[in-house]
Amino acid sequence: MSPKDVLAFAQESGAKQLDMRFTDIPGLQHHISYPIAMLTEDAFEDGFGIDGSSIRGWAAINESDMILIPDPSTVMMDPFYETPTLVMTGMVKDPITRQSYERDPRHIAQKAEAYLRSTGIADTCFVGAEAEFFVFDNIRFDCTPNSGYYYIDAEEGRWNTGRESNNHGYRPRYKEGYFPVPPTDHYQDLRAEMVEVMESCGLVIECHHHEVASGGQCEIDQRYDTLIKSADNMMTYKYVVRNVAHQYGKTVTFMPKPIYGDAGSGMHCHQSLWKDGKPLFAGDGYAGLSQMALWYTGGLLKHARALSAIIAPTTNSYKRLVPGYEAPVNLAYSRRNRSAACRIPMYSASPKSKRVEFRPPDPACNPYLAFAAMMMAGLDGILHKISPGEPLDKDIYDLSPEEMKSVASMPASLEEALNCLEDDHNFLLKGDVFTEELIETYISYKRHHEADAVRLRPHPYEFALYYDI
């Protein structure tokens with residue numbers, strides 16, 4: 001849409017408010033609202049002023065003035081507000097230089113797309129992300145100097161099978177929640193409404209279903225799209241999922257591992273490169289892949305340990321990425337085999353469907369940073385012709401200890417992941433997509449506010465282990 005188209009759409013839709021949205025470095029979406037009269041054609045050049053000093057990982061208070069420039073391509077009507085509200089994503093810029101703000105995650109994704117085109121390798125990176133989430137009925141948590149706890153409850157949780165009142169059974173067993181029909185699947189109607197709202201927001205949905213875990217784990221799959229559009233769509237996806245659940249009196253989390261002893265939530269990312277409308281990952285190599293696709297896979301595997309700080313960016317992520325469990329921590333590739341970090345889907349022989357699925361990411365990541373970083377790793381593989389090695393078509397979890405020695409693995413903690421990113425990030429600096437300053441800021445923030453903050457606090461289970469020692 002052009003600015004004039006947006007104004008016409010606002011009038012036709014009866015919009016009375018404008019909601020401008022943007023995303024911080026950890027991946028939380030923010031918004032600020034204006035009377036619709038504030039939206040003029042000039043606003044698409046002049047923007048709207050905001051204070052960036054209180055946004056996590058952004059500017060210091062002495063450099064906090066910023067402007068949001070509406071992006072007409074992101075326009076939609078909010079599906080939840082009582083007052084008719086037009087929504088657009090804002091591009092964050094410096095009010096003095098008018099340059100894009102280097103810590104704006106969406107700007108980094110835009111630079112990644114521009115870098116891809118500049119290489120001449122391809123003009124489009126398609127990403128299809130499958131984000132899983134949990135639907136709970138109640139959540140309590142706190143952490144003080146002398147206490148720390150969390151308490152989760154979900155009507156569908158297997159732990160409620162012994163409840164005395166209002167108990168009708170039909171709850172998925174732990175790790176047996178994949179595809180049951182209602183009433184064991186409690187959330188068919190909830191997901192269906194989520195899908196309808198997503199479609200009203202312009203998302204293309206392919207399917208939805210219950211996931212492996214008990215306690216309300218679900219998945220809704222979107223159609224793949226360009227890198228930045230897929231990241232935009234993921235922010236809308238999360239917004240819709242949370243708000244529809246809220247209307248039902250439920251609460252949703254995208255934490256990778258909220259329940260001990262059951263499956264965690266991943267965000268498998270399908271990736272492919274195209275040029276002039278033609279797919280580049282189809283060929284006569286392993287699993288029907290082109291040499292380019294194999295090199296792209298080699299780049300993902302080579303840089304996976306550094307990528308982990310961005311695609312699995314929380315301390316909780318490494319309670320999902322544990323050897324021997326459902327998460328693909330082993331850095332190998334295979335067709336069909338879901339125990340490999342890189343899987344080559346074999347559902348279709350169509351060249352258009354040829355893609356690489358990278359399985360370690362989780363939905364706690366910032367999609368703008370994660371999608372950009374993964375593509376940069378893949379491009380590095382192509383530019384340096386990095387071989388992914390031999391495929392591993394066995395069940396990796398059944399390999400002997402001797403065989404496992406030759407298979408590299410993902411980091412075991414956020415601290416280890418941040419160290420890997422610190423040591424291996426030159427591939428992200430190509431084309432000035434990521435900057436040294438941004439990476440240093442990211443690592444410093446994650447270490448101080450997350451890794452160290454968790455490491456310094458006693459864990460409740462430590463009392464069970466050590467109180468009487």
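Reader: As I understand the term, two strands count as paired when DSSP finds at least two bridges between them. Which residue stands opposite Q271 in β18?

Author: In this predicted model, the residue opposite Q271 is V356. Q271 belongs to strand β14, which covers residues 267–275, and β14 is joined to strand β18, residues 356–358, by 3 bridges in an antiparallel arrangement.

Reader: Okay, and how many bridges join β7 to β14?

Author: There are 8 bridges between β7 and β14, and these two strands also run antiparallel. As one example of a facing pair, F126 stands opposite S272 in β14.

Reader: What about β15, how does that run relative to β14, parallel or antiparallel?

Author: β14 and β15, the latter being residues 278–279, run antiparallel and are joined by 2 bridges. The bridge partner of W274 in β15 is P279. The two strands form a hairpin with 2 residues between them, and D276, which lies in the turn, has a positive phi of about 50 degrees.

Reader: Is β14 mostly covered or mostly open, then?

Author: Strand β14 is mostly covered, since 8 of its 9 residues are buried, where buried stands for under 20% relative accessible area.

Reader: Switching topic: which residues are closest to the centre of the second largest pocket, and what is the volume of that pocket?

Author: The second largest pocket has a volume of about 900 Å³. Its lining is made of 43 residues, and the closest to the centre are E130, H268, H270, R343 and E357.

Reader: Which strand gives the largest share of that lining?

Author: That is β7, which supplies 6 residues to the lining of the second largest pocket. The strands β10, β11 and β14, like β7, each contribute at least two residues. Sorted by class, the lining of this pocket holds 17 charged, 13 polar and 13 nonpolar residues.

Reader: And closed spaces, how many cavities of 30 Å³ or more are there?

Author: A search of the whole structure gives 3 cavities of 30 Å³ or more, and the largest cavity has a volume of about 50 Å³. Two elements give two or more residues to the lining of that largest cavity, namely β7 (124–136) and α5 (227–247).

Reader: Which of them gives the most, and what lines the largest cavity?

Author: β7 gives the most, with 3 residues. The residues around the largest cavity are V127, G128, A129, Q222, R223, Y224, S230 and M234, and by class they divide into 4 nonpolar, 3 polar and 1 charged.

Conventions: Residues numbered from 1 in each chain as written. Predicted model: local features only at pLDDT ≥ 70, side-chain atom pairs only at ≥ 80, totals over all residues. Heavy atoms only, no water. 1 Å grid on protein atoms, 1.4 Å probe; cavity = no way out; pocket = protein on both sides within 12 Å on 5 of 7 lines; lining within 4 Å. Points joined across faces, edges and corners; volume = space filled by probe spheres on them. Helix = DSSP H or I, 4+ residues; strand = E, 2+ residues; numbered from the N terminus. Nonpolar A, V, L, I, M, F, W, Y, C, P; charged D, E, K, R; others polar. Buried < 20%, exposed > 50% of the residue type's maximum accessible area, 1.4 Å probe, protein only.
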